[in-house]
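Colleague: Before I rely on any of the labels attached to this model, I would like to go through them with you and hear the reasoning behind each.

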Amino acid sequence: MIRNLLLGAALVAAPASADTVVVTAAKMVDVLAGKTVDNPVVVITDGRISSVSSGGAVPAGAKRIDLPGKTILPGLIDMHVHLTSLAEIGGYRSLRYTDSFWQAVGVANARKTLEAGFTTVRNVGSADFDDVGLMQAIDGGWIAGPRIVPAGYAIGATGGHCDDNMLPPSYDRKEPSVINSPEEARAKVRWLHKYGARVIKICATGGVFSLGDAVGAQQLSFDEMKAIADEAHMLGLKVAAHAHGPEGIRTAIQAGIDTIEHASLADDEGIRLAAQKKTWFDMDIYNDDYILATGTANGTEQESLDKEKAIGLKQRQTFQKAFRAGVPMLFGTDAGVYPHGQNARQFAKQVEWGMTPMQAIQSATRSAAEALGRTEDVGAIAVGRYGDIIAVDGDPTQDVRTLEHVAVVIKGGEVVKSGQ
């Protein structure tokens, strides 16, 4: 297991109880109540929070992590990452690397993500079940990283966003997750579940970084999406739909999909449906800055860059409209499209486009835990949940950019980063 290494933080260890840790700070963000609390005392026993109080007594013999002058928050949750992808290697340039390269860089990306304050992520798509392997290695204590909810392969149609359209017909490459009927869709959900997927990802429409398709065009039918949703829900899994175009978004909502990823071009009817059915929108509204700034320098194809130019601003406008209409919103960045570890840069964009800092923080904590169906273990500093806590200088409910500079990360009661 990753041991408590403070590297200069104020850790005071008492001689007894190796299983009890107490965290104190100047302030705590209570994401459930939507307020800050002064002088918090958080007791963590065997990796889970056993008590939370303001100015309460510290149990005798407990290890102490004292963070004077800092504000603590629950570990953050990014609902849309690709740990085994690199923004720095895009387009055909990626074909220069052997298959195992991507899981190797995933190890480094997992650490960067954790050290950025994200103690839980939903990894919505990777080849070779690499994200399942990362989850197993992290959970076993072999490598450092966040808690991962893996999808394995993303399900899509032949020639669609989740297929491989980069090679000529002589190679006839087809992704293992391609389906072409509701029956094949059901079987694919069972196959993914068999090999470790804990969420199902589908590609309902075209995408920015797929070649030869229209970014907003629907690619799976209602019957295919419904078959996937029904099968996944029967198995106790949630479903996330990559969807940019209005028709695909509306169809996914009507089919019972749990979260809509990107949602860039959602129309008024789609927004109304999402608000009515409480379907989550998970919108990556920061990465447009990085994509347009780097252009084709990282290997991004001009076709993809042109797509991004066409929808980037529209997506942010849709975010604002959907939020104002009461659509429940999540924090998802699509990290891997831009460099890992910079996830928190999206908070400022969410505030710029209509959220308060507290609402932005809640989208990556309380709301994300609810969307994952994991309100018992992540997403808040509350009794029964994991002792996943981050600390920053200043008050992020006043200046959300403080979350871009996390000083301390605690996962399961163990300090895994301290920059004091």
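Colleague: What makes Y171 exposed?

Modeller: This is a predicted model, and in it Y171 has a relative accessible area of 57%; since exposed means over 50%, Y171 is called exposed. The residue lies in the loop between β10 (156-157) and β11 (178-179), and together with Y92, L95 and L167 it makes a nonpolar surface patch of about 400 Å².

Colleague: How do you know that C162 and C203 form a disulfide?

Modeller: Their sulfur atoms are 1.6 Å apart, and the rule asks for a pair of cysteine sulfur atoms within 2.5 Å, so the pair qualifies. By this rule the count comes to 1 disulfide. C162 lies in the loop between β10 and β11 whereas C203 belongs to strand β12 (residues 199-203), so the pair ties together parts that are 41 residues apart in sequence. Both cysteines, C162 and C203, are buried.

Colleague: Why is D213 called buried?

Modeller: Its relative accessible area is 11%, and buried means under 20%, so D213 falls in that class. D213 is found in the loop between β12 and α4 (222-234), and, leaving aside neighbours within four places in sequence, it is in contact with G160, H161, G206, G207, Q219, E303 and K307. Its C-alpha atom is separated by 19 Å from that of M225, 12 residues apart along the chain.

Colleague: Q218 is found in that loop between β12 and α4 too; why is Q218 called partly exposed?

Modeller: The relative accessible area of Q218 is 32%, and because partly exposed covers what lies between 20% and 50%, that is the class Q218 receives. Not counting residues up to four places away in sequence, Q218 touches A204, T205, M225, E247, G248 and T251. For one of these, T205, the separation along the chain is 13 residues, while the C-alpha atoms of Q218 and T205 are separated by 4.2 Å.

Colleague: What makes the contact between R147 and D388 a salt bridge?

Modeller: The side chains of R147 and D388 meet at 2.8 Å, N to O, and the cut-off for a side-chain nitrogen of Lys or Arg and a carboxyl oxygen of Asp or Glu is 4 Å, so the pair is counted. The bridge links distant parts of the chain, with R147 in strand β9 (residues 147-150) and D388 in the loop between α11 (366-372) and β17 (389-393), 241 residues apart. R147 is buried, and so is D388.

Colleague: And how do you know that R186 and E231 meet in a salt bridge?

Modeller: The N to O distance for R186 and E231 is 2.9 Å, which is within 4 Å. This pair also links distant parts of the chain, R186 being in helix α3 (residues 182-194) and E231 in helix α4, 45 residues apart. Their labels for exposure are set out separately: at a relative accessible area of 32% R186 is partly exposed, whereas E231, with 2%, is buried.

Colleague: Why are K226 and D230 separated by about one helical turn?

Modeller: They are 4 residues apart in helix α4, which means a separation of about one helical turn. Their side chains meet in a salt bridge of 2.8 Å, N to O. K226 is partly exposed, with a relative accessible area of 33%, and D230 counts as partly exposed at 32%.

Colleague: How many salt bridges does the rule give, and which residues are linked in a network?

Modeller: The count comes to 20 salt bridges, and D289, R316, K349 and E352 are linked in a network of them.

Colleague: How do you know that the span of helix α1 agrees with its number of residues?

Modeller: At 1.5 Å a residue, the 15 residues of helix α1 (residues 101-115) should span 21 Å, and because the end C-alpha atoms are 22 Å apart, the two values agree. The expected figure takes 1.5 Å times one less than the number of residues. The buried residues of α1 are W102, V105, G106, N109, A110, T113 and L114, and what covers them includes β8 (118-123), α2 (130-139), β18 (408-411) and β19 (414-418). Just after α1, G117 takes a positive phi of about 100°.

Note on methods: Residues numbered from 1 in each chain as written. Predicted model: local features only at pLDDT ≥ 70, side-chain atom pairs only at ≥ 80, totals over all residues. Heavy atoms only, no water. Helix = DSSP H or I, 4+ residues; strand = E, 2+ residues; numbered from the N terminus. Buried < 20%, exposed > 50% of the residue type's maximum accessible area, 1.4 Å probe, protein only. Contact = heavy atoms within 4.5 Å. Patch = residues over 30% accessible without salt bridge, like charges linked within 9 Å, V, L, I, M, F, W, Y side chains within 5 Å. Areas by Shrake-Rupley, 256 points an atom, 1.4 Å probe, with all protein chains shown as cover.
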